[in-house]
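Could you walk me through this structure while I have it open in my viewer? I would like to know what to select next and what is there.

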Amino acid sequence: MIFLFTNSFKANNKKELNEFILKVLELGELYIKFLISKNKLYLPGHLDPKDAAIDLLAELFVTEDDCLLKFRDFFQNNFSGTEINNETDFERYLRGFIYTVIQNNLQNIYRDNDPVTFNIYRNIKQAVIDLDYHTSMHFSDKYIHAEIEIDFHKEISDREGLLNIVYSNNLHKNISNIKYFVNSLLECLKKSEKYAAAVRMSDLVSAIKSLFAYNYAGIDNNSTDKDSLLDKLNLKFILDDVKYSFTEKLNRYISKNELSKNFKECMYNIIDEIIFDLNEGNSRKSVMELVKKHYKTDDKKIFYKVQYCVELFEGEIARQFRKESPLIG
């Protein structure tokens with residue numbers, strides 16, 4: 001493919017142009033599949049990785065006289081020419097460009113299909129701008145950090161670690177103000193001896209979605225006994241509706257990935273336990289805690305699949321509560 005780079009991304013014919021576009025989409029699809037396998041990304045139900053790659057990379061294929069303008073501009077603005085001497089060099093930088101575009105455009109696939117996730121992405125991006133924070137790409141994720149450089153000598157907290165920090169510092173009370181919440185979280189990480197003062201975008205989005213679900217389900221401590229009873233009844237009805245609607249999605253996921261009957265039964269038990277805890281006002285259990293209890297293992301492959309399903313379920317809860325909240329006050 002380096003011939004296109006040496007020719008300033010002007011194809012000699014339509015066949016050459018189409019072959020390059022197909023190669024770019026293939027690289028994008030493989031990257032999206034990798035993100036899904038590592039639980040860095042979930043796709044709305046109707047999208048597969050190939051469709052997602054087309055949606056996220058479509059902006060790159062603007063042409064003028066068979067010249068790919070976006071690719072030409074990127075490589076001309078970032079490379080003098082001496083850094084790229086062979087096909088391997090070119091593909092490495094091409095992959096980096098494709099991965100960055102996908103990360104920057106991720107929120108767009110949720111705009112029409114998952115407004116809760118879309119709004120979380122949008123609010124985080126605005127908070128980063130308002131706080132004058134930094135973002136950087138490190139292969140599998142976009143990172144948010146207050147300082148210019150990330151101290152990778154320290155661990156980057158995963159989403160369960162973030163939730164633990166949030167609850168132990170009572171930051172969940174600030175979740176309605178994303179800017180204030182993100183700032184408070186980064187300030188806590190700055191003081192941590194274990195964790196670097198940085199968060200992965202995907203983990204932050206997932207953590208916020210979980211916090212929304214549990215905050216929406218919270219009962220007002222200042223309400224009367226009668227109000228509290230009505231709140232609990234409303235909560236039960238809403239969670240029953242969410243479980244019913246989520247069952248179809250869960251069954252599709254299990255069937256598509258050819259997961260075992262045992263996985264299905266354990267996953268249903270986990271969903272029932274999450275619903276019980278929400279109804280009782282109990283604190284959120286970590287996904288690993290639930291995996292160990294119901295699957296009797298701490299296997300990472302099982303953990304990632306369960307974490308994916310739990311995130312989908314918590315997203316459904318947050319979405320349903322946002323829809324119902326005007327009706328139930």
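Here is a tour of some helices, a sheet and a few single residues in this predicted model.

**Two packed helices**

Start by selecting residues 14-37, helix H2, together with residues 87-105, helix H5. Their axes lie 10 Å apart and meet at an angle of about 60°, and the crossing is right-handed. To see the contact itself, show side chains on both partners. From H2, pick Phe-20, Lys-23, Val-24, Leu-27, Gly-28, Tyr-31, Ile-32 and Leu-35. From H5, the residues that meet them are Phe-90, Glu-91, Leu-94, Arg-95, Ile-98, Tyr-99, Ile-102 and Gln-103. Colour this contact by class and you will find 11 nonpolar, two polar and three charged residues.

**A hairpin and its sheet**

Next, select strand S3 (residues 134-137) and strand S4 (residues 142-145), which pair in the antiparallel sense over four bridges. A good place to begin is His-134, which stands opposite His-145 in S4. S3 and S4 make a hairpin with four residues between them. In that turn, stop at Phe-139, where phi is positive at about 60°.

Now add strand S5 (198-200) to the selection. You have an open sheet of three strands in the order S3-S4-S5, paired antiparallel. S3 and S5 stand at the edges and each has a single partner strand, so one side of each is left without a neighbour in the sheet. From one strand to the next, the twist averages 25°.

**Two buried residues**

Move on to helix H9 (residues 201-216) and pick Ser-206 within it. Is Ser-206 buried or exposed? Its relative accessibility is 7%, so Ser-206 counts as buried. Setting aside neighbours within four places in sequence, show what touches Ser-206: the contacts are Arg-159 and Glu-311.

Then go to helix H10 (residues 225-256) and centre on Ile-238. This residue is buried too, because its relative accessible area is 5%, under the 20% cut-off. For a distance to draw in the viewer, join the C-alpha atoms of Ile-238 and Ile-175: the two are 63 residues apart in sequence and 21 Å apart in space.

**Two loop residues with positive phi**

Select Asn-170 next, in the loop between helix H7 (159-168) and helix H8 (178-190). Phi of Asn-170 is positive, near 55°, in a residue other than glycine. With 42% relative accessibility, Asn-170 counts as partly exposed.

For another case, go to the loop between H10 and H11 and pick Glu-258. Glu-258 is not a glycine either, yet its phi is positive at about 50°. How exposed is Glu-258, and what is its relative accessible area? It is exposed, with a value of 73%.

**Last stop: helix H11**

Finish with residues 261-280, helix H11. Put a distance label on its end C-alpha atoms and it will read 29 Å. At 1.5 Å a residue, these 20 residues should span 28 Å, so the two values agree. Now highlight the buried residues of H11: Phe-263, Cys-266, Met-267, Ile-270, Ile-271, Glu-273, Ile-274, Ile-275, Asp-277 and Leu-278. As you look along the helix, keep in mind that an α-helix has 3.6 residues a turn, so residues three or four places apart point the same way. Step past the end of H11 and you arrive at Gly-281, which has a positive phi near 75°.

Notes:
Residues are numbered from 1 along each chain as its sequence is written. This is a predicted model: local features need pLDDT of at least 70, side-chain atom pairs count only at pLDDT 80 or more; totals for chains, interfaces and linings use all residues. Side-chain values use heavy atoms; hydrogens and water are left out. The expected span of a helix is 1.5 Å times one less than its number of residues. Buried means under 20% relative accessible area, exposed over 50%, partly exposed in between (1.4 Å probe, protein chains only). Axes are lines fitted to C-alpha atoms, for helices over the stretch in contact, and angles run from 0 to 180 degrees between N-to-C directions. A crossing is left-handed if the near helix is turned anticlockwise from the far one by less than a right angle, and right-handed if clockwise. Contact means heavy atoms within 4.5 Å. Ala, Val, Leu, Ile, Met, Phe, Trp, Tyr, Cys and Pro count as nonpolar, Asp, Glu, Lys and Arg as charged, and the others, Gly among them, as polar. Two strands pair if DSSP finds at least two bridges between them.
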